[in-house]
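Opening the notebook on this one. I want to look up what surrounds the ligand and where the empty space is.

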Amino acid sequence: MQNKPKVVILGTGGTIAGAGSSATNVTGYRPSVIGVEELVTAVPKLGEIAELEAQQLFQVASYLLETSHWLKIARAATEALARSDVSGVVITHGTDTLEETAYFLHLTVRSEKPVVVTGAMRPATALSADGPMNLYNAVSLAASAESAGKGVLVAMNDRIACARDVTKTHTSGLETFRSTEYGNLGQMENGVPRFYRVPLRRHTAFAEFAVAGLDDLPRVEIVTGYVGATGAPIAAAVADGASGIVYAGTGAGNFTTAAREALVAARRSGAVVVRASRIAAGAVTRNTGHVDDDALDFVVADDLSPQKARILLMLGLTRTRDTRELQRMFRTY
Ligand code: SIN
């Protein structure tokens, strides 16, 4: 009989590890209270598809995470994947910022072995909790040779999504994680992965970023545009030490005259400015009729959401401050 693949499960907290006061209480619960060992034990079927090793990295709701937590997860995943006896890694995580951690890992974990991030919308104590099936699917994906080389995957609600594309779209519904513009990579069929497409942008083993030697990440703030937006939040972020500003502009990355003046001042003072959009889908392109990025020395986010553009900018700034190089990165990842 063949050995089962070994999957390391890294627990970080979230609703998947949450407990409510009753089985019908699906919003008023405490996240991050059930240990990862207990989550694994609650799904005995996992033992049929993989040999499991659970590690509790921390127990923190994902809206409380700091960039230091990303570094910790990336290091633990990298360490586990370097072991010859480990086939893949699963990370259990809160859903609020799951897409951010997944994209950070997509850019920093230098391995072709599967890395799968999962969570749950309902606490473990709820009727119809989604965590156990999400965990089963995530382990099945991490144990599958078919998942290798596809970057960091997100397993939620029977879907397989690419970390770059996926975003949370509903505050409470189970069908919340969607890859709005390009669709999912695949779906789980009775716990077995079925892939339909692969990501083409660079990631994981082929990325140029690394967490080794990093104690922290450069500070990048996101500022959102709206009718009548002033430049005050931009000026405040720069005065407070931000190395970069991602501006989530209106439409295709536009801004008010006051915001433009503040962004120009921010760039002059040395901060890198990335134009993104507050719109859920579509790209911000360079040098539109409204904005001459070449003249202003701005970078555009392509189709990355502001929160993912921030991650790429933070990692980019660990390597260069040259805006042409940073723009290349936004075309590459
Ligand atoms: C969190 O993100 O930690 C809480 C919400 C969730 O996991 O769904």
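My entries follow, ligand first, then pockets, then the cavity.

**Ground rules.** I'm working on a predicted model, where local features need pLDDT of at least 70, side-chain atom pairs count only at pLDDT 80 or more, and totals for chains, interfaces and linings use all residues. Residues are numbered from 1 along each chain as its sequence is written, and side-chain values use heavy atoms, with hydrogens and water left out.

**Ligand shell.** I listed the residues with a heavy atom within 4 Å of the ligand. They are G14, T15, A61, S62, Y63, G94, T95, D96 and A120. By class I get three nonpolar, five polar and one charged; here Ala, Val, Leu, Ile, Met, Phe, Trp, Tyr, Cys and Pro count as nonpolar, Asp, Glu, Lys and Arg as charged, and the others, Gly among them, as polar.

**Polar contacts.** For these I took pairs of N or O atoms within 3.5 Å. S62 puts a polar side-chain atom 2.6 Å from a ligand oxygen. T15 uses a polar backbone atom, 2.9 Å from an oxygen of the ligand. A120 also comes in through the backbone, with an N or O atom 3.4 Å from a ligand oxygen. I then checked burial: the ligand taken alone exposes 250 Å², and the protein buries 94% of that (Shrake-Rupley, 1.4 Å probe).

**Pockets.** Which pocket holds the ligand? I found the ligand in the second largest one, "sits in" meaning that more than half of its atoms lie within 2 Å of the pocket's grid points. A pocket here is an open set on a 1 Å grid over the protein atoms alone, with protein on both sides within 12 Å along at least five of seven lines; lining residues have an atom within 4 Å of a point.

The largest pocket has about 360 Å³ of space. I count 23 lining residues, with T167, T180, A280, D303 and S305 nearest the centre. Helix α9 (306-317) and strand β9 (167-168) each supply at least two of the lining residues, and α9 gives the most, three. The lining splits into seven nonpolar, seven polar and nine charged residues.

**Cavity.** I found one cavity of 30 Å³ or more, a cavity being a set of points where a 1.4 Å probe fits but cannot get out. Its lining includes S111, E112, K113 and T204.

Technical notes
A polar contact is a pair of N or O atoms within 3.5 Å; within protein, one must be able to donate a hydrogen and the other to accept it, and residues adjacent in sequence count only if both atoms are side-chain atoms. Grid points are joined across faces, edges and corners, and a volume is the space filled by probe spheres set on the points. Helices (H or I, at least four residues) and strands (E, at least two) are DSSP runs, numbered from the N terminus.
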